[in-house]
Amino acid sequence: MAIRSKSSKLAQNTVLKQILRRCASLGKKYDEEDDQGLPVDVPKGHFAVYVGENRSRYIVPISFLTHPQFQSLLRQAEEEFGFDHHKGLTIPCQEVVFRSLTSIMLRS
């Protein structure tokens, strides 16, 4: 079991906060925004991601950000698409794989 240093935990928290800030703009093309500019169809504590060839939209809990499997998907997304674009957070995997993975994460 590896021991994580305080600085690596701080770095991970910083990255997660950046992801959440970038996710705040997701979903704007689907519904109206609230007074803070956040999409009203995304409940508090959740964010939208786009998955698969058709870019199907999924609303997922923020708690997924702490799962190593989801973090791996985010790294793949960053490598393939980057995070600095206006098309929403796109996860580069097949929808069936994403649904399977998220169902496992919800149970744990």
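## A walk through the structure, starting at α2

Begin by selecting P68, E79 and E80 in helix α2, and show their side chains: these three are exposed. As you look around, keep in mind that this is a predicted model.

**The covered side of α2**

Now add F70, Q71, L73, L74 and A77 to your selection. These residues of α2 are buried. They all lie on the same side of α2, because together they cover an arc of only 155° around its axis. P68, E79 and E80 are on the other side of the helix, so try a view down the axis with the two groups in separate colours.

Turn α2 sideways next. The helix has 14 residues and reaches 20 Å from its first C-alpha to its last, close to the 20 Å expected at 1.5 Å a residue. Then step just past its end to G82, where the backbone takes a positive phi of about 75°.

**Zooming out**

Show the whole chain as a cartoon. You should find three helices and three strands, arranged along the sequence in the pattern α-β-β-α-β-α. Try colouring by burial as well: 34% of the 108 residues count as buried. Residues 24 or more positions apart account for 42% of the contacts with a separation of 6 or more.

**The sheet**

Select the three strands. They form an open sheet in the order β2-β1-β3, and the pairing is mixed. β2 and β3 (90–91) stand at the edges with a single partner strand each, so one side of each has no neighbour in the sheet. Keep the sheet in view and bring in α3: this helix packs on the sheet and touches β1, β2 and β3. Its direction makes about 15° with that of β2.

How are strands in a sheet held side by side? They pair through backbone hydrogen bonds, in either a parallel or an antiparallel way. Both kinds can be found here, so take the strand pairs in turn.

- Select β1 and β2. They run antiparallel and are joined by six bridges. To follow the pairing residue by residue, pick F47, whose bridge partner in β2 is V60, and then H46, which stands opposite P61.
- Move to the turn between these two strands. β1 and β2 form a hairpin with four residues between them, and in this turn G52 has a positive phi of about 80°.
- Select β1 and β3. They pair in the parallel sense over two bridges, and you can spot V51 opposite I91 of β3.

Is β1 mostly covered or mostly open? Show its surface and you will see that it is mostly covered, with five of its six residues buried.

**Two charged pairs**

Side chains of opposite charge can pair when their charged atoms come close. How many salt bridges does this model have? The count comes to two.

For one of them, select R57 and D41, whose closest N and O atoms are 2.6 Å apart. R57 belongs to strand β2 and D41 to the loop between α1 (6–23) and β1 (46–51), so the pair ties together parts that are 16 residues apart in sequence. Both ends are partly exposed: R57 has a relative accessible area of 21%, and D41 is at 24%.

For the other, go to α3 and select R99 and E95, which meet in a salt bridge at 3.6 Å, N to O. These two are four residues apart in helix α3 (residues 95–107), which separates them by about one helical turn. R99 is partly exposed, at 41% relative accessibility.

**Last stop: the loop before α2**

Finish in the loop between β2 (56–61) and α2 (68–81), where you will find S63. S63 is partly exposed, with a relative accessible area of 42%. Draw a distance from its C-alpha to that of L106: the two are 43 residues apart in sequence and 9.3 Å apart in space.

H67 sits in this loop between β2 and α2 too. Is H67 buried or exposed? At 18% relative accessibility it counts as buried, since the cut-off for buried is under 20%. Leaving aside residues up to four places away in sequence, H67 touches M105 and S108. From here α2 comes next along the chain, and you are back at the exposed residues where the tour began, P68 among them.

Notes:
Residues numbered from 1 in each chain as written. Predicted model: local features only at pLDDT ≥ 70, side-chain atom pairs only at ≥ 80, totals over all residues. Heavy atoms only, no water. Buried < 20%, exposed > 50% of the residue type's maximum accessible area, 1.4 Å probe, protein only. Expected span 1.5 Å × (residues − 1). Arc of directions from axis to C-beta. Salt bridge = Lys/Arg side-chain N within 4 Å of Asp/Glu carboxyl O. Contact = heavy atoms within 4.5 Å. Axes fitted to C-alpha atoms, helices over the stretch in contact; angles between N-to-C directions.
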